[in-house]
Amino acid sequence: MPDYIEELIQEVDLNQEKPLYRIIYESLRKAIIEGLIPMGERINEKNYAVALNVSRTPVRVALQRLEDDGIVKHVPNIGIVVTRIKKKDVEEIYQIRVALDILATKNAAKFMTAEREQKMINLLNRTEAANEAGEVQEVIDLAKEFNHSIYEYADMPHLQSIQEKLHDYLARFRDVSLMSDDRRGDAIKEHRMIFEYMRTGEQEKMEALITQHLSLSKKFILLEMEGQKENE
């Protein structure tokens, strides 16, 4: 078994009140995002089940969830491997995302209602509370919900469809950046300010902040990738 398996097993708390597959899924995703399991590494379902002393079924379900996220992929004749991200991919995806997010946010602001505004306030409050409580996975899920809300409120189905096709990349990048305590705190504050500019109609400030928000996220991702390369 790979050397990192023992360290990974120590981090897995099977006594949590969650479905077993969810515990394994979250532990594997965290290990991949933080670089414990390197890019290109093959993940052997049987080895993980034996190491965790569980059946192969929850491990298989967890790996399927990771594949849905785009974090791992099935390679014929090899099995499940951790997907590799290239610098070119990061640069291209973030360039596209800046354009899409600005367009979606401008339209979401245009169609904002009192009900939608309150839902977003509640969502931001929950995100800040989860971060203060150290619930990193909850913060990641709520950040995803925040972004989804903007695209939903933009009332542009074709734009939302394009964004969803980029989901595999976006989910991986978002998770990597939000796993960092420093970046997570700043990102939450930036989400709050983006919402405030949506509410006040300050479009120029909103566009500038979205560009800065994603630029900082991209910079963090590239630095993390360099760090993982050095450790390979």
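## Exercises on helix packing, a pocket and two loops

Helices α6 and α7 are roughly antiparallel to each other. The exercises below concern a predicted model, and each is followed by a worked solution.

**Exercise 1.** Work out which crossing angle lies behind the description of α6 and α7 as roughly antiparallel, and state the handedness with which α6 passes α7.

*Solution.* Begin with the axes: those of helix α6, residues 114-132, and of α7 come within 9 Å and cross at roughly 165°. Next, apply the cut-off, under which angles over 145 degrees count as roughly antiparallel; the pair is therefore placed in that class. Finally, look at the sense of the crossing, which is left-handed where α6 passes α7. A residue of this helix can be followed further, since Lys-119 has its place in α6 and, at 46% relative accessibility, counts as partly exposed. The C-alpha atom of Lys-119 is separated by 9.7 Å from that of Phe-146, although the two residues are 27 residues apart along the chain.

**Exercise 2.** Classify two further helix pairs, α2 with α4 and α7 with α10, by the angle between their axes.

*Solution.* Take α2 and helix α4 (residues 56-69) to start with: they pack at an angle of about 50°, and their axes are 8 Å apart. An angle of this kind falls outside the parallel, antiparallel and perpendicular ranges, and the rest count as oblique, so α2 and α4 are oblique to each other. Their crossing is right-handed. Turn then to α7 and helix α10 (residues 181-200), whose axes are 12 Å apart and which pack at an angle of about 25°. Because angles under 35 degrees count as roughly parallel, α7 is roughly parallel to α10, and the crossing in which α7 passes α10 is left-handed.

**Exercise 3.** Describe the largest pocket by its volume, by the residues and elements that line it, and by the chemical character of that lining.

*Solution.* The volume of the largest pocket is about 530 Å³. Its lining is made up of 22 residues, and those that lie nearest the centre are Glu-11, Glu-26, Ser-27, Lys-30 and Gln-137. Among elements, two or more residues of the lining come from each of α1 (4-11), α2 (20-33) and α7 (136-153), and α2 gives the most, with six residues. As to character, the lining divides into 11 charged, eight nonpolar and three polar residues.

**Exercise 4.** Examine the backbone angle phi at Asn-77 and at Asp-155, and decide whether each residue is buried or exposed.

*Solution.* Most residues other than glycine have a negative phi. Asn-77 nevertheless has a phi near 70°, a positive value, and its place is in the loop between β2 (72-75) and β3 (79-82). At 84% relative accessibility Asn-77 counts as exposed, because the cut-off for that class is over 50%. Asp-155, which is not a glycine either, has a positive phi of about 55° and is found in the loop between α7 and α8 (157-165). With 55% relative accessibility, Asp-155 also counts as exposed.

**Exercise 5.** Decide how Val-81 is classed by accessibility, and give its distance from Ile-23 in sequence and in space.

*Solution.* Val-81 lies in strand β3. Its relative accessibility is 9%, and since buried means under 20%, Val-81 counts as buried. From C-alpha to C-alpha, Val-81 and Ile-23 are 20 Å apart in space, while in sequence they are 58 residues apart.

How values were computed:
Residues numbered from 1 in each chain as written. Predicted model: local features only at pLDDT ≥ 70, side-chain atom pairs only at ≥ 80, totals over all residues. Heavy atoms only, no water. 1 Å grid on protein atoms, 1.4 Å probe; cavity = no way out; pocket = protein on both sides within 12 Å on 5 of 7 lines; lining within 4 Å. Points joined across faces, edges and corners; volume = space filled by probe spheres on them. Helix = DSSP H or I, 4+ residues; strand = E, 2+ residues; numbered from the N terminus. Nonpolar A, V, L, I, M, F, W, Y, C, P; charged D, E, K, R; others polar. Buried < 20%, exposed > 50% of the residue type's maximum accessible area, 1.4 Å probe, protein only. Axes fitted to C-alpha atoms, helices over the stretch in contact; angles between N-to-C directions. Parallel < 35°, antiparallel > 145°, perpendicular 65-115°, else oblique. Left-handed = near helix turned anticlockwise from the far one by under 90°.
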